Structures are given as C-alpha cells and as structure tokens.
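Ready for a short tour? Open your viewer, and select each stop as we reach it.

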Amino acid sequence: MNEPADPQVLLSHHLKKLRLPTVLAEYAKQARQCAEQGIDHPRYLLRLVELELIERERRMVERRIKAAKFPASKSLDSFDFKAIPSLNKVLVLELARSEFIVRRENVIALGPSGTGKTHLATGIGLAACARGMAVGFTTAASLVNQLTEARDEKRLLRLQAALAKLQLLIIDELGYVPLSQTGAELLFEVISQRYERGSTMVTSNLPFEDWTSVFGSQRLTGALLDRLTHHVHILEANGDSYRLKQSKERQNS
Ligand code: ADP
Ligand code: MG
C-alpha cells in the first residue's frame with residue numbers, strides 16, 4: 001500500500017465508516033500518552049478499543065433508559081429502606097441484580113398509595129437497563145389506551161410484537177381505574193403472551209382478592225393471576241404514605 005499524503009484525513013474517514021467515533025476522538029491523545037509512557041503498539045490499540053467498547057456500552061444503556069420511558073429517573077440509591085420496614089430489602093436488592101429477568105420471572109408489588117411502589121419499579125427497571133436489557137414502563141391505564149388505539153387503527157399485532165420484545169415490562173398502577181371488558185381482555189392478552197417468555201412487573205394498590213373489580217370478570221382475573229403468579233416474587237409495601245409522612249415532617253419542623 002502507498003502511504004497516503006495525509007493519513008489523518010483518510011483515517012478519520014475510515015473510522016467514521018467503521019463507526020468507531022471514540023477511536024477517532026482519542027487516537028491522537030492516546031498516542032501521545034503512550035509514547036510518553038513507553039507503551040507499545042498492541043497496548044495502545046487495546047486502550048483505544050477498550051475506550052470504544054466502554055463508550056458504546058454507555059450509549060446503549062442511555063438508549064435503553066430513554067426507550068423505557070420511566071416517569072422519573074429514580075434509582076434504588078435514593079430509596080430509604082428504613083422508611084418502610086415491612087418491605088423485604090434483601091429481595092429488592094436481589095431483584096435489582098436482574099437475574100429474575102434472565103429466568104423470565106415476574107414481580108408484583110402491592111401496597112397502598114405513596115409507599116414507594118413506583119420508585120421501586122423504576123429502580124429495578126433502571127438496574128435492568130444498566131445491564132443492557134430492554135425494558136418498558138407504563139401504567140395499566142396507559143397500556144390499555146395504547147392497546148385499544150392500536151386495535152382501532154389495525155396495528156395491534158405490531159404493538160403486541162413490540163411489547164413481546166421487552167425483556168421486562170413494568171405495568172404500574174393496576175387498580176386505580178376499572179377496565180372496560182375489551183381493555184381487560186387486551187391487557188390479559190399481553191400478560192398471557194409474556195408468560196414464560198419475558199418478565200412482567202405489576203404494581204397495585206389492591207390485594208389480589210380485589211383484582212376482579214378491575215378486570216370485571218372472575219374467570220379472566222383467575223386466568224391472569226394464574227399466569228402472572230406461576231413464577232413470581234411478591235413485594236409488600238405496607239405502611240404509611242412516604243409523601244404524607246414527609247409533608248407532616250415539614251409541618252412539624
Ligand atoms: P406509590 O407508587 O407506592 O404510590 P411512589 O413510589 O410514587 O409511591 O412514592 C411517592 C413519593 O415518595 C415518590 O417521590 C418516591 O420517590 C418517594 N418515596 C416513597 N417511598 C420512599 C422511600 N422509602 N425512600 C425514598 N423515597 C420514597
Ligand atoms: Mg405509584
């Protein structure tokens with residue numbers, strides 16, 4: 001090969017074509033540092049390739065978090081386990097290791113409003129994103145709306161396929177709004193399609209015995225609970241509302 005007149009122009013072109021932006025941004029600086037430190041060429045190349053990998057992974061995690069559509073970016077680091085002693089902290093931390101997603105198991109978080117269920121679900125979801133997993137966050141009401149709209153617009157299969165691709169689907173706030181018969185059936189179908197194929201995490205303010213009031217039909221609720229609870233971890237967040245406690249503390253201080 002002939003030596004090009006200006007290798008930097010060609011190098012820049014090739015690295016862009018190969019999609020190696022970090023190598024492009026770093027190669028000159030790293031070359032100087034390696035020369036100063038007496039680091040040989042294979043190690044110089046290794047450094048560049050490692051930097052590219054780290055950066056690529058960081059961007060992938062960022063994309064996963066964005067695609068998941070979490071309501072807020074609340075990780076478990078900011079969760080105060082002491083505020084809710086009834087909660088099984090060991091189990092929460094175990095779930096944050098994402099192994100349950102590899103095993104396609106489900107999680108159900110139960111407890112009254114304000115006890116940190118959404119925060120926990122977001123924290124567990126963020127942890128899964130950090131491991132590169134495909135996660136989706138939605139409320140039961142919003143999911144049913146999306147499904148109904150998709151059905152009306154004859155793109156239900158496409159939405160169902162997109163949902164099936166998620167390794168973890170978080171369905172928040174089941175129970176605040178009773179579902180129409182069609183809504184209940186569409187939601188049932190999603191959970192049924194995920195059975196043993198992907199993980200689902202549901203949060204609800206209602207104990208299981210009241211779920212019939214959401215789905216309308218006892219038969220449908222039974223079939224849904226059967227699938228959802230076959231491989232399940234249950235988190236119980238009993239106690240006072242964290243929001244209420246905080247505002248009381250503010251008033252008293
Ligand atoms: P739920 O979904 O059970 O109604 P949220 O998760 O929305 O409750 O919690 C309400 C608010 O209180 C949120 O801002 C959440 O971050 C905060 N919160 C709840 N529990 C805790 C906790 N144990 N530690 C830190 N923040 C908490
Ligand atoms: Mg909530």
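Our starting point is the second largest pocket, with a volume of about 250 Å³. Keep in mind as you look around that this is a predicted model.

To find this pocket, select Lys69, Gly136, Gln146, Leu163 and Leu166, which lie nearest its centre among the 15 lining residues. Now colour helix H3 (41–68), strand S2 (135–139), helix H7 (140–152) and helix H8 (156–165): each supplies at least two residues of the lining. Which element gives the largest share of this lining? It is S2, with four residues. Colour the lining of the second largest pocket by class and you should find ten nonpolar residues, four polar and one charged.

Next, move to the largest pocket, which has a volume of about 550 Å³. Select Gly116, Lys117, Thr118, His119 and Arg243: of the 26 lining residues, these lie nearest the centre. Helix H6 (117–130), strand S3 (168–174), strand S4 (199–204) and helix H12 (242–252) are the elements that give two or more residues to this lining. H6 provides the largest share, four residues. By class, the lining of the largest pocket holds seven nonpolar, eleven polar and eight charged residues.

For the last stop, select Glu105, in the loop between helix H5 (99–102) and strand S1 (106–110). Is Glu105 buried or exposed? Its relative accessibility is 14%, so Glu105 counts as buried, the cut-off being under 20%. Show side chains, and you can see a polar contact of 2.9 Å between Glu105 and Arg103. Beyond its neighbours within four places in sequence, Glu105 is in contact with Phe100, Ser199, Thr200, His231 and His233.

Note on methods:
Residues are numbered from 1 along each chain as its sequence is written. Chains are lettered from A and ligands numbered from 1 in the order in which they are written. This is a predicted model: local features need pLDDT of at least 70, side-chain atom pairs count only at pLDDT 80 or more; totals for chains, interfaces and linings use all residues. Side-chain values use heavy atoms; hydrogens and water are left out. Buried means under 20% relative accessible area, exposed over 50%, partly exposed in between (1.4 Å probe, protein chains only). A polar contact is a pair of N or O atoms within 3.5 Å; within protein, one must be able to donate a hydrogen and the other to accept it, and residues adjacent in sequence count only if both atoms are side-chain atoms. Contact means heavy atoms within 4.5 Å. On a 1 Å grid over the protein atoms alone, a cavity is a set of points where a 1.4 Å probe fits but cannot get out, and a pocket is an open set with protein on both sides within 12 Å along at least five of seven lines; lining residues have an atom within 4 Å of a point. Grid points are joined across faces, edges and corners, and a volume is the space filled by probe spheres set on the points. Ala, Val, Leu, Ile, Met, Phe, Trp, Tyr, Cys and Pro count as nonpolar, Asp, Glu, Lys and Arg as charged, and the others, Gly among them, as polar.
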